[in-house]
Amino acid sequence: MNGTDTAVVVEGLEKSFGDTQALRGVSFEVARGEVLGVLGPNGAGKTTTVNILSTLVHPDAGRAVVAGHDVVSDPAAVRRSIMLTGQYAALDDMLTGLENLVMFGRLLGLSKKTARDRGAHLVREFDLEGAADRKVSTYSGGMRRRIDIACGLVVRPDVVFLDEPTTGLDPRSRQSVWDLVAGFKQLGITTLLTTQYLEEADALSDRIVVIDHGKVIAEGTADELKARTGGSYCEVVPLDLKDLQPIVDVLGPMLPAEFHSAISAESDRIAVPAPEGAKTLAEALRRLDQANIELVDIALRRPSLDDVFLSLTGHAALPAAAEAAP
């Protein structure tokens with residue numbers, strides 16, 4: 001990735017708050033127009049990283065460049081190049097949606113007419129025409145999130161930071177944010193998305209960085225991370241749990257050696273490595289049919305990002321929640 005193709009460069013970022021070391025040498029790059037998902041448990045350092053990149057927090061060590069501007073030596077230029085939206089919309093509740101958009105435009109140096117024209121365009125684009133003249137205090141959570149993001153787009157940014165953007169939203173509003181991210185990509189806008197919704201990262205991200213305890217512990221596409229966790233597998237669920245051991249006996253050559261002692265009293269299914277995908281599934285089904293073992297289900301599965309998350313961090317995926325930045 002050469003300099004002209006790179007929108008965000010992070011090298012060895014460190015940050016402590018008192019005795020708490022939030023970041024321990026975080027490094028990654030984001031290409032222009034790329035959507036980078038940043039995953040991690042609560043307190044992993046995701047929000048601290050975003051706050052440094054958006055100039056809200058000063059790093060203790062390391063270097064970060066956003067849209068060609070150093071976050072420490074040229075923070076004003078960084079702020080002119082980015083859009084930042086967090087988990088809580090930073091709006092003036094006493095103004096209408098359109099008035100908020102016009103105010104942001106004026107603050108960013110647009111003329112009164114240009115700010116009003118841009119505001120009217122964004123109101124239409126974000127499906128808020130019916131609420132444009134209502135005070136923001138009357139907006140639902142989803143509407144607030146949409147007008148918040150719209151305010152950040154009054155002047156087109158080079159880089160967008162979305163910090164847990166769909167936390168607490170209903171499914172329709174969440175889908176609207178997903179559509180916006182797809183739109184950013186089409187416009188060539190770089191997007192850095194922090195989220196705990198793993199399916200959101202899977203669906204939207206070109207690449208994913210996993211942060212835990214202030215360090216980057218994995219990086220790659222969703223498929224690459226899933227492959228690291230393990231390949232495809234056949235999930236076999238017997239009708240009668242007493243058939244678990246006979247299934248192991250029948251499928252013995254297809255199972256890892258250590259698996260034969262892995263069945264516990266709580267087991268209700270068996271996972272068979274499927275290096276040949278559908279061929280492995282067909283062979284397992286043939287063997288079980290010959291043994292007259294009745295099944296509730298047999299299917300080919302792939303590791304999910306939940307599996308990746310658990311494998312890498314030791315934590316099960318958590319419901320999306322606000323990360324408490326130190």
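User: Why does D127 count as exposed?

Analyst: Its relative accessibility is 53%, and the cut-off for exposed is over 50%, so D127 falls on the exposed side. A word of caution as you start: this is a predicted model, and the values here are computed from it. D127 sits in the loop between α4 (112-125) and α5.

User: What makes the phi of D127 worth a look?

Analyst: Phi is near 55° there, which is a positive value in a residue other than glycine. H213 is another example: its phi is positive, about 50°, although H213 is not a glycine.

User: Where is H213 found, and why does it count as exposed?

Analyst: H213 belongs to the loop between β9 and β10 (215-220). Its relative accessibility is 54%; since exposed means over 50%, H213 earns that word.

User: Now the helices. Why are α5 and α6 called roughly parallel?

Analyst: Helix α5 (residues 141-152) and helix α6 (residues 171-186) pack at an angle of about 20°. Angles under 35 degrees count as roughly parallel, and therefore α5 is roughly parallel to α6. Their axes are 9 Å apart, and the crossing is right-handed.

User: Which residues make the contact between α5 and α6?

Analyst: On the α5 side, they are G142, R145, R146 and I149. From α6 come S173, S176, V177, L180 and F184.

User: How do you know that α3 and α5 are roughly parallel to each other?

Analyst: The axes of helix α3 (residues 97-107) and α5 cross at roughly 25° and come within 9 Å. With the limit set at under 35 degrees, this pair is therefore roughly parallel too. The crossing of α3 and α5 is right-handed. In this contact, G97, N100, L101 and F104 of α3 meet I147, A150 and C151 of α5.

User: What makes β3 a mostly covered strand?

Analyst: Strand β3 (residues 35-39) has five residues, and five of the five are buried; buried means under 20% relative accessible area. Both faces are covered: V35, G37 and L39 lie on one side, with L36 and V38 on the other.

User: Which strand does β3 pair with in the parallel sense over four bridges?

Analyst: That is strand β8 (residues 190-194), where L193 is the bridge partner of G37. β3 also runs parallel to strand β9 (residues 207-212), to which four bridges join it. In β9, V209 is the bridge partner of V38.

User: Why are β2 and β5 said to stand at the edges?

Analyst: The open sheet of four strands has the order β2-β1-β4-β5, with antiparallel pairing. β2 and β5 (69-70) each have a single partner strand, so one side of each lacks a neighbour in the sheet. For β2, nine bridges pair it with β1 in the antiparallel sense, among them the one between K15 and L23 of β2.

User: How do you know that R207 and E34 form a salt bridge?

Analyst: Their N to O distance is 2.6 Å, and a salt bridge needs the atoms within 4 Å, so the pair qualifies. R207 in strand β9 and E34 in the loop between β2 (20-31) and β3 are 173 residues apart along the chain. Both R207 and E34 are buried.

User: What makes R63 and E11 a salt bridge, and why does each residue count as partly exposed?

Analyst: The closest N and O atoms of R63 and E11 are 3.2 Å apart, which is within the 4 Å limit. This pair links distant parts of the chain, with R63 in strand β4 (residues 61-66) and E11 in strand β1 (residues 6-17), 52 residues apart. R63 has 39% relative accessibility and E11 has 38%. Partly exposed is what lies between buried, under 20%, and exposed, over 50%, so both residues fit that class.

User: Which residues are linked in a network of salt bridges?

Analyst: The network links E235, D268, R269, D297 and R301. R301 and D297 form a salt bridge, with their closest N and O atoms 3.2 Å apart. R301 is partly exposed at 30%, and D297 is partly exposed at 29%.

User: How many salt bridges does a search of the whole structure find?

Analyst: The search finds 15.

Methods: Residues are numbered from 1 along each chain as its sequence is written. This is a predicted model: local features need pLDDT of at least 70, side-chain atom pairs count only at pLDDT 80 or more; totals for chains, interfaces and linings use all residues. Side-chain values use heavy atoms; hydrogens and water are left out. Buried means under 20% relative accessible area, exposed over 50%, partly exposed in between (1.4 Å probe, protein chains only). Helices (H or I, at least four residues) and strands (E, at least two) are DSSP runs, numbered from the N terminus. Two strands pair if DSSP finds at least two bridges between them. A salt bridge is a side-chain nitrogen of Lys or Arg within 4 Å of a carboxyl oxygen of Asp or Glu. Axes are lines fitted to C-alpha atoms, for helices over the stretch in contact, and angles run from 0 to 180 degrees between N-to-C directions. Angles under 35 degrees count as roughly parallel, over 145 as roughly antiparallel, 65 to 115 as roughly perpendicular and the rest as oblique. A crossing is left-handed if the near helix is turned anticlockwise from the far one by less than a right angle, and right-handed if clockwise. Contact means heavy atoms within 4.5 Å.
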